[in-house]
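The exercises below are meant to be worked through with the model open beside the text. Try each task before reading its solution.

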Amino acid sequence: MKIIEKIKKKSENIFENESVCIAFLGDSVTQGCFEVYKTGETAIDTVYEPQNAYHSDLKKIFSVLYPNVPLNIINAGISGDHAANAQRRVKRDVLRFSPDLVVVSFGLNDVTKDIEKIGEYTEALHSIFTQLKEKKIEVIFMTPPLMAHQVDCELTDKELVRIAEDLSRLQNSGVFDQYVQAAKEVCAKDGIVVCDCYAKWKLLRNCGVNTDRLLCNRLNHPSREMHWLFAASLVETMFQM
C-alpha cells in the first residue's frame, strides 16, 4: 500500500488502522544542522535545530492535510555522514522501527571525496536501497541542495574559508552535478522514486536567485526557510507515487 493510501486509510478510521511512520536517513541537513562555529583551532560544530528541519516541516504540512492522523517521524540524520557509512547503520537506525516510508538523502559529504570516489557513493546508495526494498519499504531519494559557489564575505575564519573554497570548486567544476546525476541513475535502475530538490535549486539560480545566500552557514546548510522547499517537494512527490 502506498504511503498516502496508508495515511488516508488511517484518517478514515484512526482506531482500527495502524499508525504511519516515516524515517529520514541522511546527513547534517536531515539531522537539522544550521549555522556553524569554531570550537577549537580546526574544530567546528553546528547549531542543532531538528525542530526546524524539513521532516518537522513535513509533519506540520500533514497535520494540516490530515489533522487526525498522528504521523511518527524517525530522524536518522547524522551530521558529517555519507552513504558509504550509512549503509552500515540502516538496520540499527531505520529498519528496527519498521517504517512505512524511508526518505534517503546523501551527497553533500560524499562529494568531498571528489570524482574518484563516485563509484563508492553509488554502490553505497544501491546497498541502502536494496536493504530497504528487501523489507518491502517504500523509498524516496531526495537530492541535496546546491553548495556555495564562492567564498562568502562573511566567512573570515581560515578553516571555514578553506572549506568554502573546496565546496565551491566541487560545485562550479560540475563534480557535484555528476554525483547527483549518478545517484539519479542508480534510482532509475533500482526503481526508486526521486524527489529532485537539486534541480529546483538549480532552477532558482538560473532565474537569478543568489542561492549562496540561502545557505545559513554559507557552505552547504539550507536556511530554516528553505527547509520548507524540501518538505513541500516531498509532500508533492508522496502524492504522486
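**Exercise 1: a helix and its surroundings**

Working in this predicted model, find what covers the buried residues of helix 7, and check whether the span of the helix agrees or disagrees with its residue count.

Solution. Begin with the cover: the buried residues of helix 7 are covered by elements that include strand 2 (33-38), strand 3 (44-48), helix 8 (175-190) and helix 9 (197-206). Among the buried residues themselves are Leu160, Val161, Ala164 and Leu167. Next take the span: helix 7 covers residues 158-172, which is 15 residues, and at 1.5 Å a residue these should span 21 Å; because the end C-alpha atoms are 21 Å apart, the two values agree. Finally look at the ends: at the start, a side-chain oxygen of Asp157 comes within 2.9 Å of the backbone nitrogen of Glu159, while the helix is followed by Gly174, whose phi is positive, near 90°.

**Exercise 2: the order of a sheet**

Which strands stand at the edges of the open sheet of 5 strands, and why is one side of each left without a neighbour?

Solution. Write down the order first, which is 4-1-5-6-7, with parallel pairing. Strand 4 (71-77) and strand 7 (193-195) stand at the edges, and each has a single partner strand, so one side of each lacks a neighbour in the sheet. On average, neighbouring strands of this sheet are turned by 20° against each other, direction ignored. Now follow one pairing: strand 6 (residues 138-142) and strand 7 pair in the parallel sense over 3 bridges, and Phe141 has Val194 in strand 7 as its bridge partner.

Technical notes:
Residues numbered from 1 in each chain as written. Predicted model: local features only at pLDDT ≥ 70, side-chain atom pairs only at ≥ 80, totals over all residues. Heavy atoms only, no water. Helix = DSSP H or I, 4+ residues; strand = E, 2+ residues; numbered from the N terminus. Expected span 1.5 Å × (residues − 1). Buried < 20%, exposed > 50% of the residue type's maximum accessible area, 1.4 Å probe, protein only. Contact = heavy atoms within 4.5 Å. Polar contact = N/O pair within 3.5 Å; in protein donor to acceptor, adjacent residues only side chain to side chain. Pairing = 2+ DSSP bridges. Axes fitted to C-alpha atoms, helices over the stretch in contact; angles between N-to-C directions.
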